[in-house]
Amino acid sequence: MRNIYGLIISILYIGLVILISNLFTKASKEASRKFIHIMLANWWIIAMIFFDNVWYACALPAIFIVVNYLSYKFDLIKEMERDDGKSGEKTLGTVFYAITLFILAILSFGIWHNPLIGLVGVLIMGYGDGFAAIAGQSIKSKEFKILGSTKSIAGSATMFIIALIIASSAFAHLGINLWLIKSLLVAFIATVFEAVSPKGTDNLTVPILSSLLFICML
């Protein structure tokens, strides 16, 4: 029953996040999208609390791969969708987000049996990438172009700091030796891949690489 409760609470939480995101559309569609991007990362905590079965853990991400793709094609959940800057081209970022949750759920709950590993990647994706975009838009700083994407010093610095906090907290919690050095490396790799991954693919590269790097250093 614990896994069933987890599914019910997960659905209620995701619905609540999307509902609240409507309040942010008054500011801008991008604010609404970033709110969803950040808050949905917290779903992993619900998964850690309730799921002890890998199939339950990956059920919702699997469903949302389909839902998010349909939303991408037909603009069903407008609060989530974005285009790729000035080009006006829509990206598959929300689909990649769900794919990442699915992959990390299988790895963390089914293969590694350590959900903390997935938590590191998911929070770096949700909070790091989310607040990096907000900082990049809110703080005036030097911009640079890389692989067709425009990034800013403020955004990349924010990404690095948040990734460092998340990684160091996890390493320190586990009592890992040289945790600060290892955390700096995870944060650096996450920041680099956030900068060089185009068209929403950072929702794949950043969390998966962060989690893989994290487990390699345990």
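Let's start with the rings: this structure holds seven aromatic pairs. One of them joins tryptophan 43 and tryptophan 44 in an edge-to-face arrangement, with 5.9 Å from centre to centre and 80 degrees between the planes. Keep in mind as you look that the model is predicted. Tryptophan 43 is buried, at 3% relative accessibility, and tryptophan 44 is buried as well, with a relative accessible area of 0%. Tryptophan 43 also pairs with phenylalanine 51, this time in a tilted arrangement: the centres lie 6.4 Å apart and the planes make an angle of 50 degrees. Phenylalanine 51, at 3% relative accessibility, counts as buried too. Step back a little and you can trace a cluster, in which ring pairs link Trp43, Trp44, Phe51 and Phe109.

From the cluster, turn to isoleucine 49, which sits in helix 3, residues 43-50. Is isoleucine 49 buried, exposed or partly exposed? Its relative accessibility is 48%, and because the exposed class begins over 50%, isoleucine 49 counts as partly exposed. Serine 10 makes a useful partner for comparing sequence with space: isoleucine 49 and serine 10 are 39 residues apart along the chain, and their C-alpha atoms are separated by 11 Å. Now try valine 54 in helix 4, which covers residues 54-74. Valine 54 and asparagine 68 are 14 residues apart along the chain, with 21 Å between their C-alpha atoms. Valine 54 has a relative accessibility of 17%, so it falls under the 20% limit and counts as buried.

Follow the chain past helix 4 and you come to aspartate 75, in the loop between helix 4 and helix 5, the latter being residues 93-111. The backbone is worth a look here: aspartate 75 is not a glycine, yet its phi is positive, near 55 degrees. At 25% relative accessibility, aspartate 75 counts as partly exposed. Leucine 178 offers another non-glycine example, with a positive phi of about 55 degrees. You will find leucine 178 in the loop between helix 7 (153-174) and helix 8. Leucine 178 is exposed, with a relative accessible area of 57%.

The hairpin is our next stop. Strand 1, residues 143-146, and strand 2, residues 149-152, run antiparallel and are joined by four bridges. Two residues lie between the strands, and in that turn leucine 147 has a positive phi of about 50 degrees. Which residue of strand 2 is the bridge partner of phenylalanine 144? That partner is lysine 151.

Lysine 151 brings us to the charged contacts. A search of the whole structure finds two salt bridges, and one of them joins lysine 151 to glutamate 194, with the closest N and O atoms 3.2 Å apart. This pair links distant parts of the chain, as lysine 151 belongs to strand 2 and glutamate 194 to helix 8 (residues 179-196), 43 residues apart. Both lysine 151 and glutamate 194 are buried.

A salt bridge also forms where the side chains of glutamate 30 and arginine 33 meet, at 3.3 Å from N to O. How are these two placed along helix 2? Glutamate 30 and arginine 33 are three residues apart in helix 2 (residues 29-39), which means that about one helical turn separates them. Arginine 33, at 8% relative accessibility, counts as buried.

What about the cysteines? A disulfide is a covalent bond between the sulfur atoms of two cysteines. Searching the whole structure turns up zero disulfides. Cysteine 58 is buried at 3% relative accessibility, whereas cysteine 216 is exposed at 64%.

Let's finish on the surface, back at the start of the chain. Met1, Ile4, Tyr5, Ile8, Ile9 and Leu12 form a nonpolar patch there, and together they have about 600 Å² of accessible area. Take leucine 12 as a member to inspect: it is found in helix 1, residues 2-24. With a relative accessible area of 58%, leucine 12 is exposed.

How values were computed:
Residues are numbered from 1 along each chain as its sequence is written. This is a predicted model: local features need pLDDT of at least 70, side-chain atom pairs count only at pLDDT 80 or more; totals for chains, interfaces and linings use all residues. Side-chain values use heavy atoms; hydrogens and water are left out. Patches are made of residues with over 30% relative accessible area and no salt bridge: like charges are joined within 9 Å, nonpolar side chains (Val, Leu, Ile, Met, Phe, Trp, Tyr) within 5 Å. Accessible areas come from the Shrake-Rupley method with a 1.4 Å probe; for residues, only the protein chains shown count as cover. A salt bridge is a side-chain nitrogen of Lys or Arg within 4 Å of a carboxyl oxygen of Asp or Glu. Buried means under 20% relative accessible area, exposed over 50%, partly exposed in between (1.4 Å probe, protein chains only). Rings of Phe, Tyr and Trp (its six-membered ring) pair if their centres lie within 6.5 Å; planes under 30 degrees apart count as stacked, over 60 as edge-to-face and the rest as tilted. Two strands pair if DSSP finds at least two bridges between them. A disulfide is a pair of cysteine sulfur atoms within 2.5 Å.
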